[in-house]
Amino acid sequence: GPALLFVKTSQGKEEGRRFYACSACRDRKDCNFFQWEDEKVSETRLAAREEYNRNHQPCFTHKQNVDRYKNFVLLPLSKRRFCQECQQLLLPAEWEKHSDHQFLCDITNAQLKSPSQLLYPLENKKTNAQYLFADRSCQFLLNLLIDLGFRRVLSVGTPRLHELIQSKASQEEFSIRSLLLDIDFRYSQFYTEDEFCHYNMFNHHFFGGEAALETCRKFLYEENGERVIMVTDPPFGGLVEALATSFKKLMAMWKEGEKEGHDNKEMPMFWIFPYFFESRILDFFPSFSMMDYQVDYDNHALYKHGKTGRRQSPVRIFTNLTPSMIVLPEEEGYRFCTVCQRYVSSGNQHCEICNSCTSKDGRRWKHCILCKKCVKPSWFHCNNCNRCTLQKHSCEKTDVGCFVCGQAGHKRSACPSLSRT
């Protein structure tokens, strides 16, 4: 899809040179697209780029994959194969082509309903970072959505939540529907065009064109009081600015189909992201607040619930719903703070001076009178730096100024010169 516009900045210079690069891949090895904003591109180079794009398209379209799936489920168990190297469901006529590949045999209906466990997770941190919810977090999210009364879930980059909803859809008493928007086209082998849209959340690009856009738009229109919520779990290395821009466009799409009288309302949303991005998210969505619930992942070595100190999961839920509505499980150590009117982790003690439960990482934080705020328990106030920091730190580092203008007192992200340009 469309590239994003970036800027190369040099220390001490207000203006940098702007360039276009891939929105999804943040490593030039994965996508070598690069173009200066003011550069004139030759016809030859444009033709070569088109040719490259054509050669890197998936083997089958979404519609073809849907037809293949219908044929696949009709096969007896002994003839159901999945190529692990090509990550593709195989029909008997295709076996010969994949004869020297590793494949799984006897693919059951249960496996077909859990594609995130059949497919290899794409774990390149700079491109896909496809870490999948652990069962604990996935079930908690679904139960929470049911309790809050939502009947439609726009699952943006949350394949495991989507498949849990899909697997329960056949149950009579279960009335929630989900639409998965994801950049991983492999899921088109398992879901129809009404259940999955190939989507890039960094530039709001629907690869299926107007038809896919219309599928999403229809899904967001609330009918018969069926409330919609968006749940998203982006790659943590992604640019918050780009993600926020796309999410605002999805919110605007929801608003277009809203009934009258909801002018000031936002589409309900759960944005799942590490707590240290809190200030960046609140810059774009001031109505959001961060919940204390620790989201954990099956295939991530560190992001696990129940660990202590710095080894516990830093991933939280950011939402525009009223915090008191988000009930966290008491059996996992969460409790309700009557002053803050929200559920907090057991180690998050209410600070009388800040008048808030201030901990972000689950440990008990301490109040620093000089900084006028609560800080991590391992931090101490440094009189040279005039702020709290780790006990073993180098004070001279505080002399380093802004990377853009060279002045002290602010970082590059808050540089007034940058916002002017």
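**Strand pairing and a helix pair**

Biologist: Happy to look at this with you! Which residue in β3 does Ala21 stand opposite?

Modeller: This is a predicted model, and the place to look is the pairing of strand β2 (residues 17-21) with β3, antiparallel over three bridges. In that setting, the residue opposite Ala21 is Phe34.

Biologist: Nice. In what order do the three strands of the open sheet lie?

Modeller: The edge strands, each pairing on one side only, are β1 (4-8) and β3 (34-36). The pairing in the sheet is antiparallel, and the order is β1-β2-β3.

Biologist: And by what angle are neighbouring strands of this sheet turned against each other on average?

Modeller: Here the direction of the strands is ignored. Taken that way, the average turn between neighbours is 35°.

Biologist: Let's move to the helices. Why is α7 called oblique to α8?

Modeller: Two packed helices are described by the angle between their axes and the distance between the axes. Helix α7 (residues 209-220) and helix α8 (residues 240-256) have axes 8 Å apart and pack at about 60°. An angle from 35 up to 65 degrees is neither roughly parallel nor roughly perpendicular, so α7 is, relative to α8, oblique.

Biologist: Is the crossing of α7 and α8 left-handed or right-handed?

Modeller: For this helix pair, the crossing is right-handed.

Biologist: Last one, my friend: how many nonpolar residues does the contact of α7 with α8 have?

Modeller: From α7 come Leu213, Cys216, Arg217 and Leu220, which meet Leu250, Met253, Trp254 and Glu256 of α8. Two residues in this contact are charged and none is polar, while the nonpolar ones number six.

Technical notes
Residues numbered from 1 in each chain as written. Predicted model: local features only at pLDDT ≥ 70, side-chain atom pairs only at ≥ 80, totals over all residues. Heavy atoms only, no water. Axes fitted to C-alpha atoms, helices over the stretch in contact; angles between N-to-C directions. Helix = DSSP H or I, 4+ residues; strand = E, 2+ residues; numbered from the N terminus. Parallel < 35°, antiparallel > 145°, perpendicular 65-115°, else oblique. Left-handed = near helix turned anticlockwise from the far one by under 90°. Contact = heavy atoms within 4.5 Å. Nonpolar A, V, L, I, M, F, W, Y, C, P; charged D, E, K, R; others polar. Pairing = 2+ DSSP bridges.
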